[in-house]
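Got the viewer open? Here's a walk through the model, one selection at a time.

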Amino acid sequence: MPDNIFEKVSQFFTKKKEWYQLPSLLAVPHLIRMRNELREKNLHDTEEPPLPKRAPSDPLPEGVREARSHDGSFNDLGCPMMGATGRRFGRNFPLKATFPDTANLMNPNPREVSKALFTRKQFQPVPFMNLLAASWIQFMVHDWFVHKNADGRTLDIPLPPGDNFPVNPMSVKATEPDPAPAGSTRPPAYANQNSHWWDGSQIYGSDPATVARLRTNVDGKIKLSESGRLILDPETGLEITGFTDNGWVGLSMLHALFAKEHNTICDMLKSKHPDWNDNQLYAKARLINSAILAKVHTIDWTPAIMPHRTTVLALRTNWSGIAGQELQEVLEFLDESELLGGIVGSKADHHSAPYSLTEEFVSVYRMHALIPDDFTIRSFSTGETTGQYTLPEVSGTAGCKVLDKHSALDLFYSFGVSHPGAIRLHNYPKHLQDLERVAKDGTIERFDLAAVDILRDRERGVPRYNEFRRQLRKDPVKSFEELTDVPEWREEIRRVYNNDLEKVDLMVGLFCEPLPKGFGFTETAFRIFVLMASRRLKSDRFFTDDFRSEIYTPEGIAWVKENNFMSILKRNYPELAPALEGVENPFAPWKAVAGQDLERSSQQTA
């Protein structure tokens, strides 16, 4: 009932203005109406045949009722493999709109698009965020999705004339489609190598071998050094954690922080339940820690990158409802209403399709522009520069040496007073446009990641920008003037795409579309967020039906409700408190200490 009332109010007031131009109390109803429509029309299952159901009389494996499985199975007890490791990505658009345009995979050349439109001329910072925000989103993405590359099958990008890239053609491993049944007429679909649920797999792993390798088998804890660092693998020189690809200092900081948080939760649980064994402590701590990760992303990170007054209200409403957590605790019946009491603790609902993450969701999270090319590390106690590094120097095994040289306190502080890059054209990290990486088979790969990002959307059938808008029921742009409000970009895009608006790639459109005030990314991308941000909570029984004391324990529920990113930082690094004084969101710029000039700091980092 509340949703219907809000929809009617919204329709009356949004006839002449966009929702983000309205006061929040009028804009939120519009977002609710938008989300409900997206839930009805923009969720599409790709599994064929459909995933098997479980008969209510079939016994459940031990432990899956009360805790997350390592591979995401049995989250939905009626359909155990829904969202599990190896299940297909779904789609936000009807399947007929997601066939790859194989005739135009190289039209225009992805490398030409990258060089002409993404090359960073001058670092464009985001003044209202700090660099931890760039680390965080990669930390989250590593929990959510990873595609499988094909063995021996490549997509070759020929170099444009005059391009001095050292490899021609630029060879990129193709994405491996999930095997289709004989006679299938559907477009290719791809399996997620992670589970689709928000379950902390980047910390814990998604397979038995990784999970076992990380555990101490004592008091439920996972392995850390005495100094609080992740353990190094002597064979690779990289840290041992749940997901090890694409590692760099910013990721290492968060992996270690939340590994420490897991072990702290284990200590808390053991003090309350001294009779629990190692497995009980581990499983419950993972459940609680995963909920904290989801909460931080929902109420801290996303409002930081979208500080528009309406989106901040909407995202916090997503978690605890309009009534807020305090009133919700007094009036428990509010959990029956998603709007009033929030999604967390409400009834689970998959809406119009079985739960999965989607290819379009993957595409709108292409946010490599957040990462700078250069990093300055400063002493927290003096503010003095103690190290300056390029992106390759903080990545991989080289990054582990940086972790040896600088304390976690100095690293967190340095990231807190530095800025990420804006998600705009001409702001892609230069070092990622010429990336050299050792593949798992030991071969050396060298490629332009921006070109690969463009190619992946085309390869996987993600529509180009204008068609993407149509599928979201937004009007397509009708001119290059409407496409972007930057005159220089208009002419560059017009030239690269030979004056054809329909050929403009999704990522190009999302990186040049005019931004409403208070938006760190575009309104077009935000529509996918509106849908999928709530779906990841609403479909997951551990955030809905089973977000209760009987599953989490009373102290576990209290831990989730009482903690956020700020409290976790202060608990693990109490010395940081002066830098966080007066900071409302820990992903916003921190307060400088030791007389350091914040503005000068951001310019040096740039």
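At which residue does H8 bend, and by about how many degrees? Select H8, residues 278-305, and go to histidine 297: the helix bends there by about 35°. Keep in mind that this is a predicted model.

**Stop 1: along H8**

With H8 still selected, check its length. The helix has 28 residues, which at 1.5 Å a residue should span 40 Å, and its end C-alpha atoms sit 39 Å apart, in agreement with that. Now switch on a surface: H8 is mostly covered, with 25 of its 28 residues buried. Then step to the N-terminal end, where asparagine 277 acts as the cap. One of its side-chain oxygens lies 3.1 Å from the backbone nitrogen of asparagine 279.

**Stop 2: the nonpolar core**

In soluble globular proteins, nonpolar side chains tend to be buried together. Here the largest nonpolar core has 166 residues, and H8 supplies the largest share of that core, 14 residues. To find your way in, select Phe118, Ile493, Tyr552 and Trp590, the residues with the most contacts inside the core. Pick isoleucine 493 and show what surrounds it. Leaving aside neighbours within four places in sequence, isoleucine 493 is in contact with Leu117, Leu425, Phe480, Leu483, Val504, Val508 and Cys512.

**Stop 3: a buried glutamate**

Next, select glutamate 261 in helix H7. Is this residue buried or exposed? Glutamate 261 counts as buried because its relative accessibility is 0%, and the cut-off for buried is under 20%. What does it touch? Not counting residues up to four places away in sequence, glutamate 261 touches Asn289, Trp559, Ile568, Arg571 and Asn572. Draw a distance from its side chain to that of tryptophan 559, and you get a polar contact at 3.1 Å. For a backbone check, try asparagine 289: its C-alpha is 7.2 Å from that of glutamate 261, though the two residues are 28 apart along the chain.

**Stop 4: salt bridges**

How many salt bridges does a search of the whole structure find? The count is 44, and a few are worth selecting by hand.

Start with arginine 473 and glutamate 37, whose closest N and O atoms are 3.4 Å apart. Arginine 473 lies in the loop between H16 and H17, while glutamate 37 belongs to helix H2, so this salt bridge ties together parts that are 436 residues apart in sequence. Both ends are partly exposed: arginine 473 has a relative accessibility of 33%, and glutamate 37 has 31%.

Move on to arginine 229 and glutamate 239, which meet in a salt bridge at 3.8 Å, N to O. Both sit in the loop between H6 and H7, so the parts tied together here are 10 residues apart in sequence. Arginine 229 is buried at 18%, and glutamate 239 is buried at 12%.

Then take glutamate 513 and arginine 469, a salt bridge at 3.6 Å. Glutamate 513 is in the loop between H19 and H20 and arginine 469 is in helix H16, so the pair links parts 44 residues apart in sequence. Both of these residues are buried.

For the last selection, put Arg65, Arg541, Asp546, Arg548 and Glu550 on screen together: they are linked in a network of salt bridges.

Conventions
Residues are numbered from 1 along each chain as its sequence is written. This is a predicted model: local features need pLDDT of at least 70, side-chain atom pairs count only at pLDDT 80 or more; totals for chains, interfaces and linings use all residues. Side-chain values use heavy atoms; hydrogens and water are left out. A salt bridge is a side-chain nitrogen of Lys or Arg within 4 Å of a carboxyl oxygen of Asp or Glu. Helices (H or I, at least four residues) and strands (E, at least two) are DSSP runs, numbered from the N terminus. Buried means under 20% relative accessible area, exposed over 50%, partly exposed in between (1.4 Å probe, protein chains only). Contact means heavy atoms within 4.5 Å. A polar contact is a pair of N or O atoms within 3.5 Å; within protein, one must be able to donate a hydrogen and the other to accept it, and residues adjacent in sequence count only if both atoms are side-chain atoms. A nonpolar core is a set of buried Ala, Val, Leu, Ile, Met, Phe, Trp, Tyr and Cys residues joined through side-chain atoms within 4.5 Å. The expected span of a helix is 1.5 Å times one less than its number of residues. The bend at a residue is the angle between axes fitted to the seven residues ending there and the seven starting there.
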